[in-house]
Amino acid sequence: MGSTTEQSAIEAAPDSLSRPGSGKVTHLVAAEARFHEREARYRELLNALPAAIYTTDAAGRITFYNDAAVALAGRRPVLGTDEWCVTWRLYKPDGSPLPHHECPMAVALKEGRAVRGEEAIAERPDGSRVWFVPYPTPLRDESGAVVGAVNMLVDITHRKQAEERQTLLANEVDHRANNIFAVIQAALRLTRASTVEEFRRVMEGRIGALARAHNLLAQSRWAGADLRRLVDEELKPYLGGDRPRARIDGDPTPLSAAVAQCLAMILHELAANAAKHGALSSPAGRVHVDWRIVAPDRLALRWAETGGPPAGAPARVGVGTKVIRAAVAQAAGDIRFDWAPTGMACEIQLPLAKGVEDRPPQ
């Protein structure tokens, strides 16, 4: 890595020293010292760089690599033996194997040109993989002949993972948007009202419940929603003041996106019914919501009303009850109503985070 003049002087040293009375000994020793000092400085500089860098000779044999190359490859290549690349195994972006003698560094040496715009995947001996972009560039002597090459490998694993997450998120948002449109269509089909104004009010309430669930899901990047926040959002008008009308007991519990969407509709219909016919229609009425985990993947939520008008099983199944039962069925759950004189109560069992098919309520 020293200058051509210094290297030539060092190589010529034996002939110069063989001539008696040569006055070049001091000069050659100083040149050699400067050459090795500069060589050491270059190696220290390359080792300090965060990018993986290595060099080869004209035949592709590894002649140097820095510490970052070891970290990327997960191994220490054998100098003068390993060829073309410091990595253990290589793969193309589509996952198919990439032989070392066909890698970008091999192409650069064999064709005598810099290779750009390629990506590859390196597999370490421990099985982990790294996406990287190589920048192989031939090195030439004064006559223009290729004497080796230098390559820099830039780790883009985090970028690829971010791109994959972004793609998955976009697909999930598209899927959820289509699903929520189907749910709204089902709500329109199930809603009955005697006037246009009543129809508008009922639909606004149901769409609002879906919107609140949608916001919670968006905040988690569609990973799911917390049950407590979902209940808080639906009962918010009854939680404040000196004498709250609603009480919530339960630990934060993650729900899948599909279950959260269904439960939002269920809670809205229960709250709307309580405000119109049940406990929340009376100043003394109260609602208590609590939940518990009854199996590793199953949740039991209880809604209990007290202090309102006496409860009794309805003579016919109303639209709200139909919406509730349809949403419970969509979430692969079960519901049981208890029409006690002290107030209506129901217990809903739902899966926590898996096994839910996204389909609109029927």
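Which residues does Leu-263 touch, not counting residues up to four places away in sequence? In this predicted model, the contacts of Leu-263 beyond that range are with Leu-227, Leu-230, Leu-255, Leu-301 and Leu-350.

Leu-263 also belongs to the largest nonpolar core, which has 40 residues, and together with Leu-235, Leu-255, Trp-303 and Ile-348 it is among the residues that touch the most other members. Several elements give two or more residues to this core, including helix 8 (227–235), helix 9 (257–276), strand 12 (298–306) and strand 14 (343–351), and of these contributions that of helix 9, with 11 residues, is the greatest. Another core, which lies apart from the one just described, is made up of 24 residues, with Ala-69, Val-86, Ala-120 and Ala-149 among them. In soluble globular proteins, nonpolar side chains tend to be buried together.

Buried residues are also found in helix 5 (residues 104–111), where Pro-104, Met-105, Ala-106, Ala-108 and Leu-109 are buried, and the cover over the buried residues of this helix includes strand 1 (52–57), strand 5 (129–134), strand 6 (137–140) and strand 7. After helix 5 comes Gly-112, which has a positive phi, near 65°.

Strand 7 (residues 146–155) also contains Met-152, which forms a nonpolar patch on the surface with Tyr-135 and Val-154, the three together having about 210 Å² of accessible area. Met-152 counts as partly exposed because its relative accessibility is 31%, a value that falls between the limits of 20% for buried and 50% for exposed residues.

Methods:
Residues numbered from 1 in each chain as written. Predicted model: local features only at pLDDT ≥ 70, side-chain atom pairs only at ≥ 80, totals over all residues. Heavy atoms only, no water. Patch = residues over 30% accessible without salt bridge, like charges linked within 9 Å, V, L, I, M, F, W, Y side chains within 5 Å. Areas by Shrake-Rupley, 256 points an atom, 1.4 Å probe, with all protein chains shown as cover. Salt bridge = Lys/Arg side-chain N within 4 Å of Asp/Glu carboxyl O. Helix = DSSP H or I, 4+ residues; strand = E, 2+ residues; numbered from the N terminus. Buried < 20%, exposed > 50% of the residue type's maximum accessible area, 1.4 Å probe, protein only. Core = buried A, V, L, I, M, F, W, Y, C linked by side-chain atoms within 4.5 Å. Contact = heavy atoms within 4.5 Å.
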